[in-house]
Amino acid sequence: MMIDFPPIAELVPHAAPMLLLDRIVESGDDYLITELTVRADGLFDFEGSVPALLGLEYMAQSIAAFSGLRAYRSGENIKMGFLLGTRRYESNVHNYPTGDILRVTAKEIVYGDTGMAAFECKVQGLQVLQTAVLTVFEPADQASLTGIIGP
């Protein structure tokens, strides 16, 4: 069964060119899988490749998409979140060739009522495997962020 997902731009509070994901390909109650093509747009690429540390941002944006999709489905507003930390980061590559297609999995492993959560994440592609556990925070009082992160 094919599920239609809203455009990624409606779920992740980033604007181009920093919105790095292309689409959601699968989701469940506690996970989300996104897909992207490694871009040669001058933002992060150099001589045909992008540093593999950008995988952490791909993971963080996939978590944002997970949260955004959850809010979208429940009729709530999309919220801003923050990456607090990364643990157990492992990568078998130092860079990604531009044009490669990557899939990013974000699986929620801990969620607290305070807005704190932890996700096991994975970036996979042709000869690419990266894993990490990301800790994130989504403040309940988004209005209190005005002036701290923007208007």
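The following questions and answers look at how terms are applied to this predicted model.

User: Why is E35 called buried?

Analyst: Its relative accessible area is 14%. Buried means under 20%. E35 therefore counts as buried.

User: What makes R23 partly exposed?

Analyst: R23 has 37% relative accessibility. Partly exposed lies between the 20% limit for buried and the 50% limit for exposed. So R23 counts as partly exposed.

User: How do you know that R23 and E35 form a salt bridge?

Analyst: Their side chains meet at 2.7 Å, N to O. The cut-off is within 4 Å. The pair therefore qualifies. R23 is in strand β1 (residues 23-27) and E35 in strand β2, 12 residues apart. A search of the whole structure finds five salt bridges.

User: What makes R23, E35 and R103 one network?

Analyst: Shared partners do. Salt bridges with partners in common join these three residues.

User: Which parts does the D30 and K107 pair tie together, and why does the pair count as a salt bridge?

Analyst: The side chains meet at 2.8 Å, N to O. A salt bridge needs a distance within 4 Å, so this pair counts. D30 lies in the loop between β1 and β2, and K107 in strand β6, so the pair ties together parts 77 residues apart in sequence.

User: Are D30 and K107 buried or exposed, or in between?

Analyst: In between. D30 has a relative accessible area of 29%. K107 is at 32%. Buried needs under 20% and exposed over 50%, so D30 is partly exposed and so is K107.

User: How do you know that D41 and R39 are a salt bridge?

Analyst: The closest N and O atoms are 2.9 Å apart. With the limit at 4 Å, the pair therefore counts. D41 is partly exposed at 39% relative accessibility. R39 is partly exposed at 27%.

User: Why is α1 described as largely enclosed?

Analyst: Count its buried residues. 14 of the 19 residues of α1 are buried, so the rest of the structure largely encloses this helix.

User: How does the reach of α1 compare with the expected span?

Analyst: α1 reaches 27 Å from its first C-alpha to its last. That is close to the 27 Å expected at 1.5 Å a residue. G75 follows the helix, with a positive phi near 75°.

User: What makes up the largest nonpolar core?

Analyst: This core has 35 residues. Those with the most contacts inside it are Y58, M59, Y96, L102, F119 and L134. β2 (31-37), α1 (55-73), β6 (101-111), β7 (116-125) and β8 (128-137) each supply at least two residues. The largest share, eight residues, comes from α1.

User: Why is I78 called partly exposed, and where does I78 lie?

Analyst: I78 has 31% relative accessibility. That is neither under 20% nor over 50%, so I78 is partly exposed. I78 lies in the loop between α1 and β4 (82-91). Leaving aside residues up to four places away in sequence, I78 touches E10, L11, P13, G68, A71 and Y72.

User: How far is I78 from D30?

Analyst: Their C-alpha atoms are separated by 17 Å. Along the chain, the two are 48 residues apart.

User: What makes L43 accessible enough for a nonpolar surface patch?

Analyst: A patch residue needs over 30% relative accessible area. L43 has 35%, so L43 passes that cut-off. L43 sits in the loop between β2 and β3 (49-51). M18, L43 and F44 make the patch, which is about 210 Å².

Definitions and conventions. Residues numbered from 1 in each chain as written. Predicted model: local features only at pLDDT ≥ 70, side-chain atom pairs only at ≥ 80, totals over all residues. Heavy atoms only, no water. Core = buried A, V, L, I, M, F, W, Y, C linked by side-chain atoms within 4.5 Å. Buried < 20%, exposed > 50% of the residue type's maximum accessible area, 1.4 Å probe, protein only. Helix = DSSP H or I, 4+ residues; strand = E, 2+ residues; numbered from the N terminus. Expected span 1.5 Å × (residues − 1). Contact = heavy atoms within 4.5 Å. Patch = residues over 30% accessible without salt bridge, like charges linked within 9 Å, V, L, I, M, F, W, Y side chains within 5 Å. Areas by Shrake-Rupley, 256 points an atom, 1.4 Å probe, with all protein chains shown as cover.
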